[in-house]
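Me: Could you walk me through the charged contacts and the empty spaces in this protein? I would like to follow the reasoning step by step.

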Amino acid sequence: MTVQAYGAYASDKPLEPMEITRRAVGPHDVQIDIVYCGICHSDLHEVRDEWGCTHFPCIPGHEIVGRVSAVGTHVSGFKSNDLVGIGCIINSCKHCEECESGFENYCDGMIGTHNSPTPDEPSWTLGGYSQRIIVHERYVLRIRHPEEQLAAVAPLLCAGITTYSPLRHWEVGPGKKVGIVGIGGLGHLGIKLAHVMGAHVVAFTTSESKRKAARMLGADEVVLSSSPKEMSAHSKSFDLIIDTVAAPHDLNTFLVLLKRNGILTLLGVPPSPHLSLEVSNLLSKHRAITGSMVGGIPETQEMLDFCAKYGIVADIELIRADEINGAYERMLKGDVKYRFVIDNATLAV
Ligand SMILES: [Zn+2]
Ligand SMILES: [Zn+2]
C-alpha cells in the first residue's frame, strides 16, 4: 500500500513530502495509523548523513504513537483501535541471549525503525514521519495514558526509555542522589522520572536561564556546571550522574562529584569518541563510567506503564509536517521546550 510521508532525498536537501510503500500485513504484524511522531536529535544526524551511513530517501522518526488499524491472523495481543507506540526497534534476531532476556536493544541483529536493513521496499526501514507503519507484534507497545495526552507520550518512546533504563538499572529511589546533565529532550524527562522515583535530583546546566525551568520539572537543586564554586559544593556526593550531553565536554568535572562506587552513565555520542579521562578519578573512589542505549521491549512497556501511573509525559511543541525543516534549525540552537512532535494528520496532501 502507498502512504504519505515526509523525508529527504539527499543529505543536502530539506525534508519534503513523498510517497512510500508499506508491506502487506503478515500473520504476526500490527498495522498502525500514526497519529503523532516525536523529533529526536538523531533524526537530524541521520537526515544530514552526519554518521555517514544514511540510505536515501531517508524517512526518520522513532517516537511513534498511533492507533491499530489492522492485525495479522496470528496476532492476539492487539486489536483495531488500540492505542500503541513504536520506539527505536522494529525487529531483532529473537533468539540470542539479549533477545531472550528482553534486551533487544543490545541484539547484534537489532533492526532500527529507520535506516536499517529490511526485506521490504526499498530495502532499508522507513520511520514514523509517515501515515502508517507495519510492525511485528513483539515490538508494539501498549499505551495506557489518557488519549488527550497522546502527543506528549510520543517522546517517551526514545527520550523516555533512554533515561528510564539507566535510572532503573542503577536502582534509583529514595535516599539516592542523582544528577542529570543537560536539560533538553532527554534531560527534562530524566529529571521528571528521577523525581517521581523518589531520588534527590540535581540538574546540571550551562545556562543560567534554565535554572527555574529545571526546578519546575522536579529538580531539587540546579547547578551551573560552568561555576567551579557551585560544582565543588557537590564534591563526592552523587550515587549516579546521567549525562545526556552529546557535545564534547570534560567528564572529569562530573566524575569528581561521585561518591565511592558512584556511576557516571553516558547517553550521548559525541562527534569524536575520544574523551579525555583522568584515570585517578576512577581509582580514588572506585567510580565507574558506563553507557546505555534506549531499552528493551519489556523495559519500554514497563516505562510506559510507570509514566501512565504517575502522569509523566514530555513537554512538547506540536508542529505541522511542513514545519519540520524549521524545527530542525531551532533544535540546532537548542530552541525547543523540550521536544517537537509532528501531527501526522498534516502529512496528507
Ligand atoms: Zn531517538
Ligand atoms: Zn537477538
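Here is a short conversation about salt bridges, cavities and a pocket.

Reply: Happy to help! This is a predicted model, in which local features need pLDDT of at least 70, side-chain atom pairs count only at pLDDT 80 or more, and totals for chains, interfaces and linings use all residues. Residues are numbered from 1 along each chain as its sequence is written, chains are lettered from A and ligands numbered from 1 in the order in which they are written, and side-chain values use heavy atoms, with hydrogens and water left out.

Me: How many salt bridges does the structure hold?
Reply: A salt bridge here is a side-chain nitrogen of Lys or Arg within 4 Å of a carboxyl oxygen of Asp or Glu. By that rule, the number of salt bridges is 18.

Me: Which strands does the salt bridge between R132 and D33 link?
Reply: The two side chains meet at 2.7 Å, N to O. Helices (H or I, at least four residues) and strands (E, at least two) are DSSP runs numbered from the N terminus. R132 and D33 are 99 residues apart, and the pair links distant parts of the chain: strands β8 (residues 132-136) and β3 (residues 29-38).

Me: R138 pairs with E104; is E104 buried or exposed?
Reply: The closest N and O atoms of R138 and E104 are 2.9 Å apart. Buried means under 20% relative accessible area, exposed over 50%, and partly exposed in between (1.4 Å probe, protein chains only). R138, at 27%, counts as partly exposed. E104 has a relative accessible area of 2%, so E104 is buried.

Me: K192 and D315 also form a salt bridge; which class of accessibility does D315 fall into?
Reply: The K192 and D315 side chains meet at 2.6 Å, N to O. The pair links helix α5 (residues 185-196) to the loop between α10 (297-310) and β16 (316-319). K192 is buried, with a relative accessible area of 14%. D315 has 29%, so the class of D315 is partly exposed.

Me: What is the volume of the largest cavity?
Reply: On a 1 Å grid over the protein atoms alone, a cavity is a set of points where a 1.4 Å probe fits but cannot get out, and lining residues have an atom within 4 Å of a point. Grid points are joined across faces, edges and corners, and a volume is the space filled by probe spheres set on the points. There are two cavities of 30 Å³ or more. Residues including C88, L141 and V294 line the largest cavity, and its volume is about 60 Å³.

Me: How many charged residues are in the lining of the second largest cavity?
Reply: Ala, Val, Leu, Ile, Met, Phe, Trp, Tyr, Cys and Pro count as nonpolar, Asp, Glu, Lys and Arg as charged, and the others, Gly among them, as polar. The second largest cavity holds about 50 Å³, and among its lining residues are H249, P270 and L275. Its lining has eight nonpolar and two polar residues, and the number of charged ones is no more than none.

Me: Which element gives the largest share of the lining of the second largest pocket?
Reply: A pocket is an open set of points with protein on both sides within 12 Å along at least five of seven lines. The second largest pocket has a volume of about 290 Å³, and of its 18 lining residues, the closest to its centre are R23, I90, T118, D120 and T125. The largest share of its lining, three residues, comes from β8.
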